[in-house]
Amino acid sequence: MAAGKEIRGKIKSVENTKKITKAMEMVAASKMRKAQDRMRAARPYADKVRNIAANLAKANPEYIHPFMVANTGAKKVGVIVVTTDKGLCGGLNTNVLRNVTAKLREIDAAGKTAEVVAIGNKGFGFVNRIGAKVVSHATQLGDTPHLEKLIGPVKVVLDAYAAGELEAVYLCYTRFINTMKQEPMVEQLLPLKADSMQGEQSYQWDYIYEPGPVAVIDELLVRYVEALVYQAVAENMASEQSARMVAMKAATDNAGNVINELKLVYNKTRQAGITKELSEIVAGAAAV
């Protein structure tokens, strides 16, 4: 029964794996609800900042912030890549990194160089492997994104764009659609476009600026861009937990199918061994 013992060992191993994937599925389901609530809670703030910034920009046509001016003469392009710190979440990182690769090739084909900000271990490791220039990175963000951990790395490309060194800044992340669907996105972060900032408001507020319109617009547009990056990280974390829950559920179901198949093979092997022993006993008795 050497074969039977080996099959029993495989069954035990797959059962242990099934317990782990089931536990990970339940943990991801719990974290997914919290990540979705956090993502939805950040949306009203981003929307409000966008509308105020749009009203301020239109109320002061004589002043144009550097974030709204295209640096056509620059030879560099900034790319912010948002991925996860951990794996086991299906094709989530693969899909967004495929879009990043396409964008980097497009930048290279245009005769420009890319400067990458990597948020998340997976993206940081990927851009290092392909030889892209990483100007800053942020890893080990945990289950809750904190804005103070994101401001430093992102400020590098924001300052470079304000100084006219970057032609544009792109944001690559995974947008949360629902539990079963997450969509990889590549969006232009800078230069800002007035039509994308305005939203659906048809009215404008008349503001009194303190200390002045230039100082208010400068500060507010920086906060707006930071809010966009934070929202992208929150969306990516909600997508991560949803993708991990689905992947672990599929792994648990597959482990159950493998266990059933191994049990069937074990029973067939055991029955064949019993039949062989009975045949030998009967043949021996007949010979006597």
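Student: Which cysteine sulfur is closest to that of Cys172, and why is there no bond between the two?

Tutor: In this predicted model, the cysteine sulfur closest to that of Cys172 belongs to Cys89 and lies 17 Å away, which is too far for a bond. A disulfide requires a pair of cysteine sulfur atoms within 2.5 Å, and the structure holds zero disulfides. Read from the other side, Cys89 likewise has Cys172 as the residue with its closest cysteine sulfur, at 17 Å.

Student: Are Cys89 and Cys172 buried or exposed?

Tutor: Cys172 is buried, with a relative accessible area of 0%, and Cys89, at 3% relative accessibility, counts as buried too.

Student: How do strand 2 and strand 3 run, and how many bridges join them?

Tutor: As a general idea, the side chains of a regular strand alternate between the two faces of the sheet. Here strand 2 (residues 113–119) and strand 3 (residues 133–138) run parallel and are joined by five bridges. The chain passes from strand 2 to strand 3 by way of helix 3 (residues 121–129), forming a β-α-β crossover that is right-handed.

Student: Which residue in strand 3 is the bridge partner of Glu115?

Tutor: The partner of Glu115 in strand 3 is Lys133.

Student: Which residues make the nonpolar surface patch of about 280 Å²?

Tutor: A residue enters such a patch with over 30% relative accessible area and no salt bridge; in this case Ile274, Leu278 and Ile281 make the nonpolar patch of about 280 Å². One of these residues, Leu278, is found in helix 6, which spans residues 213–287.

Terms used. Residues numbered from 1 in each chain as written. Predicted model: local features only at pLDDT ≥ 70, side-chain atom pairs only at ≥ 80, totals over all residues. Heavy atoms only, no water. Patch = residues over 30% accessible without salt bridge, like charges linked within 9 Å, V, L, I, M, F, W, Y side chains within 5 Å. Areas by Shrake-Rupley, 256 points an atom, 1.4 Å probe, with all protein chains shown as cover. Salt bridge = Lys/Arg side-chain N within 4 Å of Asp/Glu carboxyl O. Helix = DSSP H or I, 4+ residues; strand = E, 2+ residues; numbered from the N terminus. Pairing = 2+ DSSP bridges. Right-handed = clockwise from strand over helix to strand, strands pointing away. Buried < 20%, exposed > 50% of the residue type's maximum accessible area, 1.4 Å probe, protein only.
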